[in-house]
Amino acid sequence: MKMLTKPQKKSCCAPEQAAQCCAKASRLVSGCHD
Amino acid sequence: MRLSSFAILAPVPGSGQVLLIQPLTSQAALLEPGAAGALARLPDGAALPASVSEQDLRDAGFVVDSEADDRALKAAAISGWTAEAEKTPTQLLVVPSFGCNLACTYCYQETFDPAGAGLMAPEVVEAFFAYVDRHHALERPRPFVTLFGGEPLRDTPAHRDRVGRFLDGARARGLQVAAVTNGHDLAAFVPTLASGPVKEVQVTLDGPRSVHDRRRPHASGAGTFDRIVAGIDDLIAAGIPVNLRVVADRENLDALPALAALATAKGWLDLPSSRFKTQIGRNYELFGCASRQRREALFDRVELWARYLELSEAHPELRRFHRPRFHGIGHLAETGELPAPNFDACPATKKEWAFGPDGKLYGCTATVGHPAHVLGTYHPVIARDDRAVEAWRRRSTLSIPACRACALAPVCGGGCGAIAWDRDGTPLAPDCRPVPDLYALGARYYALGEPNRSGAAPSLQGDDRPTGGSA
């Protein structure tokens, strides 16, 4: 198995912290069609 | 220990490898042949293959011990998605007129009421900004205004007047303006656009001259290609960002290499993506087929991108022309990160509103002008139909019954509410996306896992991996 992404910090699994640590390095898939 | 209910396995065409995605944690891995089957058999007591690290599986959220673990992953992802969605600017899409100077063969608006071809009156432009002041004055990030049609940029005194009013009104409120145009009359508008708060102009070219002119002729029957190309050059020379759109189906996709050659020769592809980018939009039936549109010429999503993959392998120059998203695989290839999960692909009444030339209010680009989708008025009075608005506002994969138990929902987002409505009579229905198939095509296109893959980061692991956020 070859990881293509860096494993997240475990704290991301806590809902109260997810907004802070998950959102900063990500972005939504944009566009409502193709 | 078992695979998470939300883990997605996508066999990569031609490689034997399987892409493993956990959208809830934005994690991705490639599995050797056989490993995917072993993971699926974990509940039956199958042993982990030697090539698979249990710690990696757990750290990434690919595997869980219980349904409660899956629920916790989903709750965390929803929290992150909510925060991310709040950072998305609202699009206020204005149709100054449904009239158009072109006669495209596949125009989905051809059945619209001819009365809508009239140009928006000046007092309706004022009413639009009064609506913005009432409902969006304090909104952060600032919304942006998109001029849409019909064709918003026609070279008449009245059209130039209205465009000037929109630019002035937007500038006064700190709003940027985008325009979606066929590009035919751009020469008349570029000086005005260059002085305004313009974030982007979308122009459509459907291929090289012969192909484009057959699909997108002027209403007079004359070709439009040369004027549009000149207009794109004018935009670029003025420093206005261009978003070049191709509406693709079986009748023009194979002409893309010729269009890519033109873009290369023009120097467009040497520009940074902040100044020139492309999109390939699938030609599809929104509310039925246009009268001159052959249904059999339409691709479904997998067909389109599978054919694009074939074409790009035969014509590598296409890779410079357009880099498909493949539900976030393009982002993964470029940055080493997967996009955050998206539980709602439909922005209508949340991050998008649309304004017709007659003062009527709609939810989005797809529904504007459709009499069944009027959500109120902004002229002569501002009056929202709260019940109709709420039906759209509450749409997400968390509220669509058919999406609630779907493992693909964090990627698919429930698709387009307008298409769902057309099929099922309610926006609270799914418009499903072929997520695993597109993941697989994306993995092949971007050669994920191969050390020297084209156009991607050299390594996605260890110290070489990009660490900065790209949002």
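Helices (at least four residues) and strands (at least two) are DSSP runs here, numbered from the N terminus. With that in hand, we can place a residue such as B:Asp358, which lies in the loop between S12 and S13 of chain B. Please keep in mind throughout that this is a predicted model.

Let us stay with that loop for a moment. The strands on its two sides, S12 (residues 352–355) and S13 (residues 360–362) of chain B, pair in the antiparallel sense over two bridges. Within this pairing, B:Ala354 stands opposite B:Tyr362 in S13(B). How buried or exposed is B:Asp358 itself? A residue is buried with 20 or more other C-beta atoms within 10 Å, and exposed with 12 or fewer. B:Asp358 has 18 C-beta neighbours inside 10 Å, so B:Asp358 counts as partly exposed. For a sense of distance, look across to B:Trp268: this residue is 90 residues away along the chain from B:Asp358, and their C-alpha atoms are separated by 38 Å.

Now step back to the sheet to which these strands belong. It is an open sheet of 10 strands with mixed pairing, and its order in chain B is S11-S10-S9-S8-S7-S6-S12-S13-S14-S15. At the edges you will find strand S11 (276–282) and strand S15 (383–384) of chain B, each of which pairs on one side only.

Further along the sheet order come S6, S7 and S8, a good place to follow the chain by eye. Strand S6 (residues 91–94) of chain B runs parallel to strand S7 (residues 144–147) of chain B, and four bridges join them. One pair to look for is B:Leu93 with its bridge partner B:Thr146 in S7(B). Between these strands comes helix H4 (residues 122–135) of chain B, and S6(B), H4 and S7(B) together make a right-handed β-α-β unit.

A similar walk leads onward from S7(B). This strand and strand S8 (residues 176–181) of chain B pair in the parallel sense, again over four bridges. Here B:Leu147 has B:Ala179 in S8(B) as its bridge partner. With helix H5 (residues 157–172) of chain B, S7(B) and S8(B) form a right-handed β-α-β unit.

The loops on either side of S7(B) hold some backbone details. In the loop between H4 and S7 of chain B you will find B:Pro141, which is joined to B:Arg140 by a cis peptide bond with omega of about -5°. In the loop between S7 and H5 of chain B sits B:Gly150, and the peptide bond from B:Gly149 to B:Gly150 is also cis, with omega near 5°.

Next, turn to helix H8 (residues 225–237) of chain B. Its 13 residues reach 18 Å from the first C-alpha to the last, close to the 18 Å expected at 1.5 Å a residue. Which residues of H8(B) are buried? They are B:Phe225, B:Ile228, B:Gly231, B:Ile232, B:Asp234 and B:Leu235. An α-helix has 3.6 residues a turn, so residues three or four places apart point the same way. The buried residues of H8(B) pack against helix H6 (186–195), strand S9 (198–204), helix H7 (209–215) and strand S10 (242–248) of chain B. After H8(B) comes B:Gly239, whose phi is positive, near 80°.

Positive phi values also turn up in residues other than glycine. B:His327 has a phi near 55°, and its place is in the loop between helix H11 (318–321) and helix H12 (329–335) of chain B. B:His327 is buried, because 30 other C-beta atoms lie within 10 Å. B:Ala447, with phi near 50°, is in the segment after helix H16 (435–445) of chain B. B:Ala447 is partly exposed, because it has 16 other C-beta atoms within 10 Å.

Finally, consider the domains. The domain assignment of chain B gives domain 1 (2–83 + 435–464) and domain 2 (88–324). Their C-alpha centres lie 37 Å apart. Where they meet, seven residues of domain 1 of chain B are in contact with eight residues of domain 2 of chain B. The domain 1 side of this contact has three nonpolar, two polar and two charged residues.

Chain A completes the tour. This chain has one helix and one strand, and buried residues make up 47% of its 34 residues.

Methods. Residues are numbered from 1 along each chain as its sequence is written. Chains are lettered from A and ligands numbered from 1 in the order in which they are written. This is a predicted model: local features need pLDDT of at least 70, side-chain atom pairs count only at pLDDT 80 or more; totals for chains, interfaces and linings use all residues. Two strands pair if DSSP finds at least two bridges between them. A crossover is right-handed if, with the strands pointing away from the viewer, the path from the first strand over the helix to the second runs clockwise. Domain bounds come from an automatic or database domain assignment. Two residues are in contact if their C-beta atoms, placed from the backbone, lie within 7 Å. Ala, Val, Leu, Ile, Met, Phe, Trp, Tyr, Cys and Pro count as nonpolar, Asp, Glu, Lys and Arg as charged, and the others, Gly among them, as polar. The expected span of a helix is 1.5 Å times one less than its number of residues.
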